[in-house]
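Have your viewer open and your selection tool ready. We will move from stop to stop, picking out residues and elements and looking at what surrounds them.

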Amino acid sequence: MERAMPEGFLWGGATAANQFEGGWQEGGKGISVPDVMTGGTKTSPRHVTDGIFPEYHYPSHEAVDFYHRYKEDIALYGEMGFKVFRMSINWTRLFPKGTEETPNREGLQFYRDVFLECKKYGIEPLVTISHYELPYYLAKEYGGWSNRKLIDFYLNYCRVLFEEYKDLVRYWLTFNEINILLMGAYGNIMGGGILPPGRDTKVGVLAGLDESWDEEQRRFTALHHQLVASAKAVRLAHEINPLNRVGCMLLSRIAYPYTCRPEDVLKGQQTMQLANYYCGDVHVRGAYPSFARRLWKEKGIEIPFMEEDEAVLKEGTVDFLSFSYYSSSTATEDPNVPVAAGNMMRGPANPYLTQSQWGWTIDPKGLRYLLNEFYGRYQIPLMVVENGLGAEDRVEEDGSIHDPYRIEYMREHILQMLEAVEDGVELMGYTVWGCTDLVSAGTGEMAKRYGLVYVDKDNQGKGTLERRRKDSFYWYRNVIATNGREL
């Protein structure tokens, strides 16, 4: 039987402004948290600095220069046949500090031009409102999302977006990977805008690896404020334009039991509950899950509920659930089992799976499993908005880039999405991560390439920024043209 994705399936690609856009001081843009994060590699850390210092390389400053090359990039997406382009807004391009009441008109015009360019090729923008780019002023002066005042600043920002682009944007995501705030120091910085101590020493803490300064109470407080802000944004979007469809976005996690010991099975279940359903339930069901209260009690966490919050969460549920999926992990209660090196999910290596160059497990069947888990729990439309393979690519003498490893990764994951659709999952779209090479959020490097379009730039920021089509570009173009029939 011939299989294909449902009619109207949203094929496309995904990016984030802080990793892609550049133009960090142009058009009235202010400084965001990523603008004070240095570059790194898979073996050396990124750092957070208190301001900008000439001896450091800050990858977000130029990124890959979408700011000046958006017409060229969107034309390439049109050539691939994209139905949707997931992108984010740089909050500081519209509100340099985040506290202003009126937006920067030059920033508004830039995004209007981008959306119009998308429409020229029949591409629907899918806009992430906040994707790890909190204004640095809000982080430094307000303590990031641990301060409830940010809800009002965020809603003012949202109102401007919903009104300004009422006729250009239909699909919105409130926060990128909102549940990263459950995952330690990296979540503090990128998700919550909670900066490390000792910022006056120039170099701050190693994002994502050094968790010695982790402030769990502040993280859970910041997450609650974001969940309330998201719910209010959903209601606002629907009020301004009833045609708006607003989704949440989760960093998904699979934690297979490392063994069939009941302790490991329970550990895997608890890991997935916290990672996927703590935020998922609030977004989709409008209330914290049943396991949350015990979690708060055992951690000594006090969630700062205001009188209105329960009703706000209940009334601000999302229209669809989206998530990122790259790899799976394992879980065990045995402290003697070593954690796999390079495994971002921090579990023992799965002996049945291979790993990428960066130590991430490759598990296409895990995507089918996760789609069924999410749909079985929530029964609302789902969308895979990040999926892809970070790898080193080589440019041949004739300028071609052969990336069969990326094609194989994408093919196997799309095949499992087709299986999930056959299982009864309502899947509305798929956007491959980093459709054009961009800066890695985790390591700040360019060598870890995800794109179907190659960008001539290295880890030190050197290169022409020339775009080149990889083999995967042509392969994905055919997948879209055949709606997944030819894999």
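**Stop 1: the loop between H1 and H2**

Start by selecting Asp 65, which lies in the loop between H1 and H2. Keep in mind as you look around that this is a predicted model. Is Asp 65 buried or exposed? With a relative accessibility of 10%, Asp 65 counts as buried, because the cut-off for that label is under 20%. Now check its backbone: phi of Asp 65 is near 65 degrees, a positive value in a residue other than glycine. That deserves a second look, because most residues other than glycine have a negative phi.

Next, pick Ala 63, which is found in the loop between H1 and H2 too. Its phi is near 50 degrees, again positive in a residue that is not glycine. Ala 63 is buried, at 0% relative accessibility.

Stay with this loop and select Ile 52, located between helix H1 (17-20) and helix H2 (66-80). At 34% relative accessibility, Ile 52 counts as partly exposed. Which residues does Ile 52 touch, if you leave out those up to four places away in sequence? Show Trp 24, Asp 35, Val 36, Tyr 58 and His 61, and you have them. For a distance to try, draw a line between the C-alpha atoms of Ile 52 and Ile 31: they are separated by 9.6 Å, with these positions 21 residues apart along the chain.

**Stop 2: Asn 176 and its polar partners**

Move on to Asn 176, in the loop between strand E4 (171-175) and helix H7 (185-191). Asn 176 is buried, its relative accessible area being 3%. Show side chains here. Which side chain is joined to that of Asn 176 by a polar contact of 2.7 Å? The partner is Arg 86. The side chain of His 131 makes a polar contact with the side chain of Asn 176 as well, at 3.2 Å. To see the wider surroundings, leave out residues up to four places away in sequence; Asn 176 then touches Arg 86, Thr 128, Ser 130, His 131, Tyr 132, Met 249 and Glu 386.

**Stop 3: Asn 241**

Another asparagine is worth a visit. Asn 241 is found in the loop between helix H8 (216-240) and strand E5 (245-251). At 10% relative accessibility, Asn 241 counts as buried. Turn on the backbone of Lys 166: its oxygen lies 3.2 Å from a polar atom of the Asn 241 side chain.

**Stop 4: the cysteines**

Now display the cysteine sulfur atoms. How many disulfides does the structure hold? The count is 0. Cys 158 is in no disulfide, and the nearest cysteine sulfur, that of Cys 248, is 15 Å away. Select Cys 248 in turn: the nearest cysteine sulfur to it belongs to Cys 279, at 8.7 Å, and Cys 248 is in no disulfide. Cys 158 is buried, with 0% relative accessible area. Cys 248 is buried, at 0% relative accessibility.

**Stop 5: helix H13 and its cover**

Select helix H13 (residues 404-423). At 1.5 Å a residue, its 20 residues should span 28 Å, and the end C-alpha atoms are 29 Å apart, which agrees. Color its buried residues: Arg 406, Ile 407, Tyr 409, Met 410, His 413, Ile 414, Gln 416, Met 417, Leu 418, Ala 420 and Val 421. While reading that pattern, recall that an α-helix has 3.6 residues a turn, so residues three or four places apart point the same way.

What covers these buried residues? The cover includes E1, strand E10 (361-362), helix H12 (364-378), E11, E12 and helix H14 (471-481). Step just past H13 to find Gly 424, with a positive phi of about 110 degrees.

**Stop 6: strand E12 and its neighbors**

Finish at strand E12 (residues 427-433): 7 of its 7 residues are buried, so E12 is largely enclosed by the rest of the structure. Strand E1 (residues 10-14) runs parallel to E12, joined to it by 5 bridges. To see one of these pairings, select Gly 12, whose bridge partner in E12 is Thr 431. Strand E11 (residues 382-386) is also parallel to E12, with 3 bridges between them. Here Leu 382 stands opposite Leu 427 in E12. Finally, show E11, H13 and E12 together: they make a right-handed β-α-β unit.

Technical notes. Residues are numbered from 1 along each chain as its sequence is written. This is a predicted model: local features need pLDDT of at least 70, side-chain atom pairs count only at pLDDT 80 or more; totals for chains, interfaces and linings use all residues. Side-chain values use heavy atoms; hydrogens and water are left out. Buried means under 20% relative accessible area, exposed over 50%, partly exposed in between (1.4 Å probe, protein chains only). Helices (H or I, at least four residues) and strands (E, at least two) are DSSP runs, numbered from the N terminus. Two strands pair if DSSP finds at least two bridges between them. A crossover is right-handed if, with the strands pointing away from the viewer, the path from the first strand over the helix to the second runs clockwise. A polar contact is a pair of N or O atoms within 3.5 Å; within protein, one must be able to donate a hydrogen and the other to accept it, and residues adjacent in sequence count only if both atoms are side-chain atoms. Contact means heavy atoms within 4.5 Å. A disulfide is a pair of cysteine sulfur atoms within 2.5 Å. The expected span of a helix is 1.5 Å times one less than its number of residues.
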